[in-house]
Structures are given as structure tokens and as C-alpha cells.
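Trainee: I am new to this structure and would like to understand the words people use for it. Could we go through them together?

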Amino acid sequence: MERGASERASQASMNERIESDSLVPSRLCHAASTGDLVELAELLDRYPTMVSAPDYDGRTALHLAVMGGHAGVMQYLLNQRAAPDVPTDDGLQLRPSVAIR
């Protein structure tokens, strides 16, 4: 493969990864809102630093797990060091420790 083609392929691969990575917060939130612990764990194995990444509304996976009443998901996220005190864009701040009881 000539050098120009190789560089273009490498750039295309990097652009694809960036696009994919930008969807991670939404994918985490969807998995948490539906109680899909398997999908959530797979995403966090690959992207552990995104455990408290907000979606387009400023909600985190932990917010959505609490709102959905998914205690197992809430506990998993807290064990993965999800930040429990992140407010959403509209100022909503949940207390997951109360919801787990």
C-alpha cells in the first residue's frame, strides 16, 4: 500500500474510533436505563474513565439507573466509582444511596 493510502486508512480508522467513542455516554445511559448490566459492564471494561460521562441532557448512567429503579445497576456503577453527586443540565441531583435501600 502506498504511503498516502496508508495514511488515509489510518486517519479513517481514527475518525471512526472518535465517532464511536463519542457515543459511549449515550450507550452507557441506555444500558443503565434498561437495566442491561451485561452491556454496561462491557462498555465500562473498554471505557472505564467514562463511568460518570454525561449524555446530551447531562444525565449519567447512574442517574438513569436510579430513575429506572435498577438497584443492581446502581450498585455496580457505584462499585465502578461513578460519581453520585453530578447534577444534570436541569439541576436534578439524585441520591442513589437512598434508592438502593
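Mentor: Gladly! Let's start with a term: helices here are DSSP runs of H or I with at least four residues, numbered from the N terminus. Leucine 62 lies in one of them, helix H4. Keep in mind that this is a predicted model.

Trainee: Why is leucine 62 called buried?

Mentor: Buried means under 20% relative accessible area. Leucine 62 has a relative accessibility of 4%, so it counts as buried. Its C-alpha atom is separated by 7.1 Å from that of alanine 32, 30 residues apart along the chain.

Trainee: What makes H4 roughly antiparallel to H5?

Mentor: The axes of helix H4 (residues 61-68) and helix H5 (residues 71-79) cross at roughly 155° and come within 8 Å. Angles over 145 degrees count as roughly antiparallel, so H4 and H5 earn that description. The crossing of H4 past H5 is left-handed.

Trainee: Which residues meet there?

Mentor: From H4, Ala61, Leu62, Ala65 and Val66 meet Val73, Met74, Leu77 and Leu78 of H5. By class, this contact has eight nonpolar residues, with no polar and no charged ones.

Trainee: And how do you know whether aspartate 55 is buried or exposed?

Mentor: Aspartate 55 sits in the loop between helix H3 (37-46) and H4. Its relative accessible area is 9%, and the cut-off for buried is under 20%, so aspartate 55 is buried. A polar atom of its side chain lies 2.9 Å from the backbone nitrogen of aspartate 57. Leaving aside neighbours within four places in sequence, aspartate 55 is in contact with Pro25, Ser26, Cys29 and Leu64.

Notes. Residues are numbered from 1 along each chain as its sequence is written. This is a predicted model: local features need pLDDT of at least 70, side-chain atom pairs count only at pLDDT 80 or more; totals for chains, interfaces and linings use all residues. Side-chain values use heavy atoms; hydrogens and water are left out. Axes are lines fitted to C-alpha atoms, for helices over the stretch in contact, and angles run from 0 to 180 degrees between N-to-C directions. Helices (H or I, at least four residues) and strands (E, at least two) are DSSP runs, numbered from the N terminus. Angles under 35 degrees count as roughly parallel, over 145 as roughly antiparallel, 65 to 115 as roughly perpendicular and the rest as oblique. A crossing is left-handed if the near helix is turned anticlockwise from the far one by less than a right angle, and right-handed if clockwise. Contact means heavy atoms within 4.5 Å. Ala, Val, Leu, Ile, Met, Phe, Trp, Tyr, Cys and Pro count as nonpolar, Asp, Glu, Lys and Arg as charged, and the others, Gly among them, as polar. Buried means under 20% relative accessible area, exposed over 50%, partly exposed in between (1.4 Å probe, protein chains only). A polar contact is a pair of N or O atoms within 3.5 Å; within protein, one must be able to donate a hydrogen and the other to accept it, and residues adjacent in sequence count only if both atoms are side-chain atoms.
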